[in-house]
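Trainee: I am new to this structure. Can we go through the terms and what backs them?
Mentor: Gladly. Take a look at it.

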Amino acid sequence: MKRKFSLVLLLLAAWLGGAQPAYAATDSQDSNITIVKKTRVAYNKGNKVNTWTTYGAGKKLAGQVKSGYKFMATGQAQYKGRTWYRIKDNKWILGTNTVTTKKYASIKAAAAKKTKQNKVVKLAKAQVGKAYVWGATGPYSFDCSGLTMYVYKKATGLSLPHYSVSQLYYGKAVSTKKLVKGDLLFFGSKSAPSHVGVYVGGGKFVHASSPTVGVIKSKVSTNRSSAFYPSSARRVI
């Protein structure tokens, strides 16, 4: 009876040993794994990121994490020229699908900036067709600086003064040849502009032009003698 009982225990121990996940044995025996302690962020342009049972041959899909998931890497390995990181629950993630926390912060900031730029453009375009009234700041009529003042306040929360010359001192100066959506465009004198509008992309800008035509979308001119040739530009987003 004693011998049978011992045999059962041995069989049970063998079965339990064989039931351990494959990556546990790999991780404990693989000299290619470097023990690290570094924070990484899973990132794949907003898509979910796959995690794997190990980093090399024979790996199986273990699950997915959301893009933006921050984890502490506990191991690092190279396989076929690619870096892999072990996350805290002993799953592995491909290094090219991760970034540093600093890089992720810059990605988020760029995304937030783009969102604001798109809001500005959308709102500026929505004002096309409304009336020009000197001194008006919306929402039914505008003068040139009243339009830019209204659009930026509503779209981004930024408070611009109601005067084109004063708006010239907001944000940073940028080349009129390298405009991005949401830039302020100034016309007339470079130091004391008489007109201002919002660049909306595609070589066009929205502005409260005159009492005759109201708020319109116009093409940015490359002809220095044109009234629509910008004298300067400012990036306020």
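Mentor: The buried residues of helix 3 pack against strand 1 (34-42), strand 7 (98-99), helix 4 (144-156), strand 12 (193-201) and strand 13 (204-210). Contact means heavy atoms within 4.5 Å. This is a predicted model: local features need pLDDT of at least 70, side-chain atom pairs count only at pLDDT 80 or more, and totals for chains, interfaces and linings use all residues. Numbering runs from 1 along each chain as its sequence is written, and side-chain values use heavy atoms, without hydrogens and water.

Trainee: Which residues of helix 3 are buried?
Mentor: Y104, I107, Q117, V120, V121 and A124. Buried means under 20% relative accessible area, exposed over 50%, partly exposed in between (1.4 Å probe, protein chains only).

Trainee: What makes residues 101-126 helix 3?
Mentor: Helices are DSSP runs of H or I, at least four residues; strands are runs of E, at least two; both are numbered from the N terminus. Helix 3 has 26 residues, so it meets that minimum.

Trainee: How does the reach of helix 3 compare with the expected 38 Å?
Mentor: The expected span is 1.5 Å times one less than the number of residues. Helix 3 reaches 38 Å from its first C-alpha to its last, close to that value.

Trainee: Why is K80 called exposed?
Mentor: Its relative accessible area is 72%, so K80 passes the cut-off for exposed. K80 sits in the loop between strand 4 (70-79) and strand 5 (82-86). Its phi is positive, about 50°, although K80 is not a glycine.

Trainee: And why is N90 called partly exposed?
Mentor: N90 has a relative accessible area of 33%, so it falls in between the two cut-offs.
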